[in-house]
Each structure stands twice: as structure tokens, then as C-alpha cells.
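I opened the model today to look up helix packing, ion pairs and burial. My notes follow in the order of the look-ups.

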Amino acid sequence: MIGELLAEVRKDHGHTQQDLADLLHISISTVRSWENEKSSPSHEALVSICKLYQVSADYLLGLTDDPKPNYEVKL
């Protein structure tokens with residue numbers, strides 16, 4: 001679930017997998033692995049993704065259909 005939603009959010013922001021990898025200081029193969037559901041982001045990476053794209057972790061984890069967090073995200 002997280003892979004599909006992550007790819008959707010990433011594309012909505014006009015980012016490539018390489019862009020996301022660069023922003024998170026990780027390898028593109030890691031991003032591909034997440035998006036292909038072969039692995040999951042660490043808690044730290046998930047927080048960084050949520051902050052970067054201003055989405056809730058609940059959304060990326062498939063717990064809600066509302067991508068916007070119901071709290072203020074501190075960058």
C-alpha cells in the first residue's frame with residue numbers, strides 16, 4: 001500500500017524517483033524498493049517523506065483517504 005501511495009504523492013509533486021532519493025540522501029534503488037513493495041521506509045524516512053510532501057503517515061500507510069495531516073507539520 002505505501003509504495004503505490006508514495007509513488008502517487010511523489011508524482012503529484014513533479015518528482016522523479018531520483019529526485020526523492022536525492023532529497024532524502026538515499027539511493028534510487030531504495031526508493032524503487034519502497035514503491036515496488038519490496039521494503040518499507042524506516043520510521044525516520046517516513047517522517048521525512050511526510051514533511052517533504054505535507055501528507056500524513058496515516059495516508060501513506062493506507063489508514064485514511066485524506067492525505068492532509070490534521071496537525072501542523074513542523075519542518
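Entry 1, a helix pair. I am working from a predicted model. I looked first at helix H2 (residues 17–24) and helix H3 (residues 28–35), which pack at an angle of about 115° with their axes 8 Å apart. I noted the crossing of H2 past H3 as right-handed. On the H2 side I listed Gln17, Gln18, Leu20, Ala21 and Leu24, and on the H3 side Ile28, Val31, Arg32, Trp34 and Glu35. Sorted by class, this contact of H2 with H3 has six nonpolar, two polar and two charged residues.

Entry 2, salt bridges. How many salt bridges does the structure hold? I found one. The side chains of Glu35 and Arg10 form a salt bridge, at 2.6 Å from N to O. Glu35 belongs to helix H3 and Arg10 to helix H1 (residues 2–12), so the pair ties together parts that are 25 residues apart in sequence. I recall that side chains of opposite charge can pair when their charged atoms come close.

I then asked whether the two partners are buried or exposed. Glu35 has a relative accessibility of 13% and therefore counts as buried, the cut-off being under 20%. Arg10 is buried as well, with a relative accessible area of 5%. Glu35 is also on my list of H3 residues that meet H2.

Entry 3, helix H4. I went through helix H4 (residues 43–53) for buried positions and wrote down Ala45, Leu46, Ile49, Cys50 and Tyr53. Why do I say that they line one face of the helix? Seen down the axis of H4, these buried residues fall within an arc of 140°, so they line one face. His43 and Glu44 are exposed, and they sit on the face of H4 turned away from its buried side. Next I checked what covers the buried residues of H4, and the cover includes H1, H2, H3 and H5.

Entry 4, after H4. The residue following H4 is Gln54, and I noted its positive phi, near 55°. From Gln54 I took a distance to Asp65, eleven residues apart along the chain, and got 14 Å between the C-alpha atoms. Asp65 lies in the segment after helix H5 (57–60). I looked up its burial too: Asp65 has a relative accessible area of 77%, over the 50% cut-off, so I entered Asp65 as exposed.

Key. Residues numbered from 1 in each chain as written. Predicted model: local features only at pLDDT ≥ 70, side-chain atom pairs only at ≥ 80, totals over all residues. Heavy atoms only, no water. Axes fitted to C-alpha atoms, helices over the stretch in contact; angles between N-to-C directions. Helix = DSSP H or I, 4+ residues; strand = E, 2+ residues; numbered from the N terminus. Left-handed = near helix turned anticlockwise from the far one by under 90°. Contact = heavy atoms within 4.5 Å. Nonpolar A, V, L, I, M, F, W, Y, C, P; charged D, E, K, R; others polar. Salt bridge = Lys/Arg side-chain N within 4 Å of Asp/Glu carboxyl O. Buried < 20%, exposed > 50% of the residue type's maximum accessible area, 1.4 Å probe, protein only. Arc of directions from axis to C-beta.
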